[in-house]
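Student: Could we go through this one together, setting each label against its cut-off?
Tutor: Gladly; have a look first.

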Amino acid sequence: MKSMDMEQTRRVKDFFMYVIPSILSFALSGIYTIVDGFFVGNSIGDLGLSAVNIAYPIVAVIQALGTGIGMGGAIYYSINRAEKKDAQARMFTAGAIWLLLISGAALTVAVSLLDRSLLKLLGARGEMLSLGEDYIAAIAVGAALQVIGTGLVPFIRNHGGSFYAMAAMIGGFVTNIILDYVFVWMLEMGVAGAAWATVIGQGVTMLTALVYMLRKGQFTLRIPLSKMGKVSAAVLKIGIAPFGLAMSPNLSLIIINRFSVSYGGDAAIATYACIAYVICIIYLILQGVGDGCQPLLSQCYGEKDREGLMFFRRLAYGSALTLSVAGCIIMYQTRWSLGGLFGASADVNREIARIMPIFLVSVPFVAVLRITTASFYATEKSVYSYILTFIEPLLMLVLMLTLPPLAGGQVMIWWSTVWARIGSALLALILKERADRWR
């Protein structure tokens, strides 16, 4: 009995040693966007805030691609290490790093050539389009830094360096704040200054991560050419889910912005921009719980330790639900001051306070969805993780095509997001029960 209690105590300690730094890292990545919104909003106003908001999904694709590739490689690294296949583990490290390098270069070219077309597709028009182009032009130049920086962080975490991964994120975050102040406020570079601050901050994160990998002897590019295709396919197969999970709030953002243009106009876009900046921090914290316990789940999966896997997953659900409730309380209490934080107009600030409770309804359901999805991709349940990753934006799109024209207009756009997230969480619980019976 005593040895069992000691084992559980050790597992709880291991869980929080991985999860706490991961939560802080993801929270900081969310504050990156808040920092840009704060400086741009207070410098340019609602238009600048809307321009950064409508352009941000392009930035999110860049960072999510790095996260997906890095997580895919890191999961296979952990599983192979748990199965005592060290050579295979290093091969997956090398394959993932090559994918990060290639995708970073490809994104730099693609975003530079297509920035205007992409912004129009996202709904940017007139002066908002011009400001968005200024923002994305700088982001495109540093795309490789962002892909590699975000892609190496999961490897550090799976190598047992959770606190170092957090330090890498903090270094980039502090750099971003300082440069936002210098570029946007002191030098009056506008949205372009905010973009350069983001790029340089991500560059600091990348360099810090590279130093760790090199010092630990874990950075490698050595992989037989004959194995590259198979390794890449495996990494991408797993990486699609964490990529989609990182993109999910931004897919929602794209859908909401596109429909809000028709029903609520620029004011509705600015309103959701302020809400999205803050509520996405909660979503990222919840992802931090899921991705933080991923190395432990993958290790238990590789070792065939079902009891440990289920124990860590229960801890993840409990932690995520607790954090979601705490986040809802904080956001509800501060809802009247959020617009002022970003320099929004008085009308936009009132609208934020009015509709914030609608969005808070779905936050605990997002907690369930994030943890379930993370547990699926950590244990090679790729199909289930794909379903849960992309069902939310699909449901949202269907609801927004049908409900706003029938009744309520803009307010039904807000409620469509809530019902889509609730439906996705219920599906997650159904798939979890099915997967557990299969095991």
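Tutor: Let's start with a definition: a disulfide is a pair of cysteine sulfur atoms within 2.5 Å. This is a predicted model, in which local features need pLDDT of at least 70, side-chain atom pairs count only at pLDDT 80 or more, and totals for chains, interfaces and linings use all residues. Residues are numbered from 1 along each chain as its sequence is written, and side-chain values use heavy atoms, with hydrogens and water left out.

Student: Why is Cys274 not in a disulfide?
Tutor: The closest cysteine sulfur to that of Cys274 belongs to Cys280, and it lies 12 Å away. The cut-off is 2.5 Å, so the sulfur of Cys274 is too far from it for a bond. From the side of Cys280, the closest cysteine sulfur is in Cys274, again at 12 Å. The structure holds zero disulfides.

Student: What makes Cys274 buried or exposed?
Tutor: Buried means under 20% relative accessible area, exposed means over 50%, and partly exposed is in between, with a 1.4 Å probe and protein chains only. Cys274 has 0% relative accessibility, so it counts as buried. Cys280 has a relative accessible area of 16%, so it is buried too.

Student: Why is Ile177 given the label it has?
Tutor: Ile177 is found in helix 6 (residues 162–186); a helix here is a DSSP run of H or I with at least four residues, numbered from the N terminus. Its relative accessibility is 31%, so Ile177 counts as partly exposed.

Student: And why does Lys84 get its accessibility label?
Tutor: Lys84 reaches 73%, so it counts as exposed. This residue sits in the loop between helix 2 and helix 3, and its phi is positive, about 65°, although it is not a glycine. Lys304, in the loop between helix 9 and helix 10 (306–333), has a positive phi of about 60° and is not a glycine either. At 65% relative accessibility, Lys304 counts as exposed.

Student: How do you know what span to expect for helix 13?
Tutor: The expected span is 1.5 Å times one less than the number of residues. Helix 13 (residues 363–378) has 16 residues, so 22 Å is expected, and the 23 Å between its end C-alpha atoms agrees. Helix 13 is also mostly covered, with 14 of its 16 residues buried.

Student: What does helix 3 span, set against a straight helix?
Tutor: Helix 3 (residues 86–121) spans only 45 Å, where a straight helix of its 36 residues would span 52 Å. Helix 3 also bends by about 70° at Leu114, the bend being the angle between axes fitted to the seven residues ending there and the seven starting there. In helix 8, a kink of about 45° lies at Met247, shortly before the proline Pro249. The 39 residues of helix 8 reach 53 Å, close to the expected 57 Å.

Student: What makes a space a cavity here, and how many are there?
Tutor: On a 1 Å grid over the protein atoms alone, a cavity is a set of points where a 1.4 Å probe fits but cannot get out, and lining residues have an atom within 4 Å of a point. A search of the whole structure finds three cavities of 30 Å³ or more. About 510 Å³ lies in the largest cavity, the volume being the space filled by probe spheres set on the points, with points joined across faces, edges and corners. The largest cavity is lined by 30 residues, and among those nearest its centre are Ser29, Tyr56 and Gln63.

Notes
1 Å grid on protein atoms, 1.4 Å probe; cavity = no way out; pocket = protein on both sides within 12 Å on 5 of 7 lines; lining within 4 Å. Helix = DSSP H or I, 4+ residues; strand = E, 2+ residues; numbered from the N terminus.
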